[in-house]
Amino acid sequence: MPDIVTLGEALIDLVSTKSGVSLEEAPKFLRAAGGAPANVAVALSRLGNSAGFIGKVGADPFGEFLFHTLSDEGVDTTCMLSETGAHTTLAFVSLMNNGERDFIFYRDPGADMFLSESDIDTDYLIDCRIFHHGSISLISEPNRTATIIARRIAASAGAVISYDPNIRLSLWPDPETARKGVRAALEGTDIVKVSTEELAFITGTDDMDKGCSLILDMGVSLVTVTLGAAGSYYRTVAVSGQVPGFKVDVVDTTGAGDAFAAGVLAGLLPFVKQSRAICDLDKEDYYKILRLANAVGALVTTERGVIPSLPTKGEVEALTNGTIFER
Ligand code: ADP
């Protein structure tokens with residue numbers, strides 16, 4: 001069974017081939033596998049970890065494409081299921097001139113929303129060391145209960161619970177419901193990854209230290225905050241610090257957050273395997289973990305698309321060792 005299991009949406013990103021335009025203006029779209037938890041599983045596998053994905057895709061050609069993409073990347077798809085009641089979710093995306101993304105989901109409903117409690121295989125989670133999910137699978141039932149039950153099973157089996165809210169407000173009924181839903185999952189979470197905007201949205205404060213402390217007060221052991229080109233910040237009850245990012249030639253920042261999340265989990269796994277508690281790790285340990293995560297995030301920005309640009313362990317080592325290399 002895989003060491004790290006991610007649960008949530010695997011979907012099709014249809015990315016505008018022309019940058020700097022809105023979706024209304026986009027002339028053509030390129031198909032790519034996507035969905036944050038699926039991206040994280042592939043990123044972990046590229047980095048040499050054993051990763052599995054739990055989720056539903058449609059019984060359609062796009063679902064087949066996602067099955068093949070994940071399994072070709074070495075992700076365990078034993079618990080990736082196919083749903084006949086809805087199509088695979090689609091997300092149309094365009095990168096605009098201001099760096100923002102214009103996107104719209106075709107998920108009315110999407111197959112990923114149908115993962116239910118009865119789809120969760122307890123045996124699959126029994127050896128899991130880290131269980132990771134986002135908040136899109138928490139928006140509606142039966143997906144929400146399935147996510148909560150799966151993480152409860154993993155936690156009871158001793159897994160570390162990792163949560164990347166990855167907030168997509170357009171998928172929630174309204175912002176207040178989103179805030180409540182996203183916050184509720186912090187209870188029982190060991191490690192959380194947020195952007196500065198998400199931290200402010202969740203905690204109601206723009207002060208990063210204060211926001212992280214509020215999250216730690218909810219019982220979370222480690223908060224990581226992504227800071228784009230500036231790198232990342234972390235805080236536990238014992239230690240905190242900022243780790244600078246790597247200078248790279250940026251082409252497309254899509255998926256940097258997912259890559260970073262995978263880097264944190266890959267960096268933490270050896271400690272988890274040694275049964276070291278997250279709050280017992282010191283500044284040096286966290287520097288190494290976040291440096292790895294920053295490198296994975298930075299490398300993804302150097303090429304277009306998410307999955308094609310995810311780095312291997314060797315590429316990450318080359319960047320962190322300062323070796324010059326060509327991608
Ligand atoms: P999110 O999707 O969470 O907002 P970010 O865009 O901040 O994620 O990116 C995640 C991580 O990827 C950052 O913390 C950083 O380590 C790396 N990264 C992102 N953008 C850049 C960049 N322009 N240059 C170098 N590293 C980057």
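**Exercise 1. The ligand and its surroundings**

How far from an oxygen atom of the ligand does a polar side-chain atom of Lys193 lie? Describe the shell around the ligand in this predicted model.

*Solution.*

Step 1. Begin with Lys193: one of its polar side-chain atoms is 3.0 Å from an oxygen atom of the ligand.

Step 2. Add two further pairs of atoms. Thr226 places a polar side-chain atom 2.8 Å from an oxygen atom of the ligand. At Gly228, a polar backbone atom is 2.8 Å from an oxygen atom of the ligand. The ligand taken alone exposes 550 Å², and the protein buries 81% of that.

Step 3. Consider the shell as a whole. Around the ligand there are 17 residues, of which Lys193, Thr226, Gly228, Gly231 and Asn294 come nearest. Sorted by class, the shell has eight nonpolar, eight polar and one charged residues. At least two residues of the shell come from each of strand 10, helix 8 (256–273) and helix 9 (283–300).

**Exercise 2. Helix 6**

Determine which residues of helix 6 are buried, and against which elements they pack.

*Solution.*

Step 1. Helix 6 spans residues 196–203, and six of its eight residues are buried.

Step 2. The buried residues are Glu198, Leu199, Ala200, Phe201, Ile202 and Thr203.

Step 3. These buried residues pack against helix 5 (175–184), strand 10 (191–195), helix 7 (208–217) and strand 11 (222–226).

Step 4. Just after the helix, Gly204 adopts a positive phi of about 80°.

**Exercise 3. The nonpolar cores**

Which residues of the largest nonpolar core touch the most other members? Identify the elements that build this core.

*Solution.*

Step 1. A general principle is helpful here: in soluble globular proteins, nonpolar side chains tend to be buried together.

Step 2. The largest nonpolar core holds 58 residues, and Leu44, Phe53, Leu268, Tyr286 and Ile289 touch the most other members. Among the elements giving two or more residues to this core are helix 1 (36–46), strand 4 (51–58), helix 9 and helix 10 (313–320). Helix 8 gives the most, with 11 residues.

Step 3. A second, separate core has 26 residues, including Ile167, Ile202, Ile215 and Val223. Ile202 was listed above as a buried residue of helix 6.

Step 4. Return to Leu44 for a single member's contacts. Not counting residues up to four places away in sequence, Leu44 touches Ile4, Thr6, Asn49, Ala51, Ala262, Leu265 and Ala266.

**Exercise 4. Two loop residues**

Why does Thr189 count as buried? Why is Leu281 classed as buried? Describe the surroundings of each residue.

*Solution.*

Step 1. Thr189 is located in the loop between helix 5 and strand 10. Thr189 counts as buried because its relative accessibility is 1%, and buried means under 20%.

Step 2. The side chain of Thr189 reaches the backbone oxygen of Ala185 at 2.6 Å. Apart from residues up to four places away in sequence, Thr189 touches Arg151, Ile161, Tyr163, Gly219, Val220 and Ser221.

Step 3. Leu281 belongs to the loop between helix 8 and helix 9. Leu281 is buried because its relative accessible area is 2%, judged by the cut-off of under 20%.

Step 4. With neighbours within four places in sequence left aside, Leu281 is in contact with Val239, Leu268, Phe271, Arg276, Tyr286 and Ile289. Phe271 is 10 residues from Leu281 along the chain, and their C-alpha atoms are separated by 8.4 Å. Leu268, Tyr286 and Ile289 also appeared in Exercise 3, among the core residues that touch the most other members.

Note on methods: Residues numbered from 1 in each chain as written. Predicted model: local features only at pLDDT ≥ 70, side-chain atom pairs only at ≥ 80, totals over all residues. Heavy atoms only, no water. Buried < 20%, exposed > 50% of the residue type's maximum accessible area, 1.4 Å probe, protein only. Helix = DSSP H or I, 4+ residues; strand = E, 2+ residues; numbered from the N terminus. Contact = heavy atoms within 4.5 Å. Near = heavy atom within 4 Å. Polar contact = N/O pair within 3.5 Å; in protein donor to acceptor, adjacent residues only side chain to side chain. Areas by Shrake-Rupley, 256 points an atom, 1.4 Å probe, with all protein chains shown as cover. Nonpolar A, V, L, I, M, F, W, Y, C, P; charged D, E, K, R; others polar. Core = buried A, V, L, I, M, F, W, Y, C linked by side-chain atoms within 4.5 Å.
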